[in-house]
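Dear colleague,

I am handing over the structure below, and I would be glad if you could look through it alongside these notes.

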Amino acid sequence: MSLFKTYAGLSRDIYYLCLARTINSTGDFVFSLITLVLTLQMGMNVVSAGIFVSMAALISGPGVLLGGYLSDLMGKKTIIVIGQLLSAILIISCSFWSGTITVGYLLIAVMFFISITRPAYNALIIQLCTEEKERKSAFSLMYLGANLGIAIGPLIAGFFIKDHVNIVFISIGTVFLISTFIIINQVKIGTRKELASTSSEHAGQQEQQRSSQPPSPLFRLLLKNPLVAFFIVVSFLNYFIYMQYSFSLPLQMNHSFGENGAAYYGSVMTINAISVIILTTVILSATRKFTALNSIATGALFYGIGFGALNLLGTFPHFSIVALSTVLWTIGEILVQTNINLYIASRVPDTHQGRFNGLLLFVGCLGYTLSPYLTGIFIKSMDMESVWIIILAVSLFYALSMIILWYIEKSSTRRNEMKPLDHSKSI
């Protein structure tokens, strides 16, 4: 229980926001839902169903960019509420068109509105937390809650998806509505800042006027923040590496264990889920003094060691290697995913958090989209096990990039006589 003290001291708003995200994530498996509904209920072939899934993946990219821009313009909470309400309405309406192709298009629209809320969630956490350690705990708690919801939701839906798909639609819509209700009524924006602020009324009016102005062009902001731009571009590697668990890993299981490959892959996902639930709080407690870049670099090393170990399956095809590998790359997942937003958080003012988080998520969409294609080329040109050496090399390069970025910032701080940089002026 002492480990959970690492989550103590967060604001009431953060706890409710994480609760809402946890509840929301129980119905947040639209990608899988598209495939299951179109193939099981409608009898669509895999290729045609894959087109719908690809459309949903592609539309997520513009969705996160638009969501980031609008959250800066209209407010983070407002965008979350609008996105989730529209998602709830659309997914409940699927029950009226059950058994028709319209459901596929509605679920694609749901995916779009869900993606709009993603940068707003991240930016809202940053806005509600004032210190980096506090943000680290908040993102860790959000990550843990989301994984709990993702583990529970599909498990329950699996019992109803084939014969009672309308129950699944209505249930997911209801879950989104409950989550939205919590955010509307319990997450209060500005309360903490009003208590902590000692600025004059005139200064407050000036700040309000600045926040009401249209956001500056994103490209101009990136040019003024080259280190942040570099971080976002290099983060493509994180998503490229992480996508291996859902593309290369199941192929490896089939290659190494034949007809038992699917069952072994299911075991891998179970080990991953259990590891996330057990280790997230432990890792947060152990790395509490790490900077965001240090944590990400360490996570990249665990990525490399974990996925790289799968190369041993060519010589020793034992599931024990897979199990150990899964725990190792899951540690990397926890370290990277709970810290990747922190670097931007401390270098970008609240008025621009939405767009920068949206751009980071957009790079993530590119990573998820291109990773299967590029990895497929590697697998086709060499044996299955050799691809893990490439992933190891990519992971080491990603870790080195984070270390170089950390060194550049540390050197810059020393040149400024250890004074903190005024990042707001760079925007």
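What follows is a short account of what was found in it.

This is a predicted model, in which local features need pLDDT of at least 70 and side-chain atom pairs count only at pLDDT 80 or more, while totals for chains, interfaces and linings use all residues. Residues are numbered from 1 along each chain as its sequence is written, and side-chain values use heavy atoms, with hydrogens and water left out.

The chain has 20 helices and 0 strands (DSSP runs numbered from the N terminus, with at least four residues of H or I for a helix and at least two of E for a strand). Of its 427 residues, 49% count as buried (under 20% relative accessible area, against over 50% for exposed and in between for partly exposed, with a 1.4 Å probe and protein chains only).

A nonpolar patch on the surface, with about 950 Å² of accessible area together, includes Leu-148, Phe-159 and Ile-274; patch residues have over 30% relative accessible area and no salt bridge (a side-chain nitrogen of Lys or Arg within 4 Å of a carboxyl oxygen of Asp or Glu), with nonpolar side chains (Val, Leu, Ile, Met, Phe, Trp, Tyr) joined within 5 Å and like charges within 9 Å. Areas come from the Shrake-Rupley method with a 1.4 Å probe, and for residues only the protein chains shown count as cover. Helix H6 gives the largest share of this patch, 4 residues, and Leu-155, which lies in H6, is exposed at 58% relative accessible area.

Ser-235, by contrast, sits in the loop between helix H11 (226-234) and helix H12 (236-242) and is buried, at 0% relative accessibility.

Best regards
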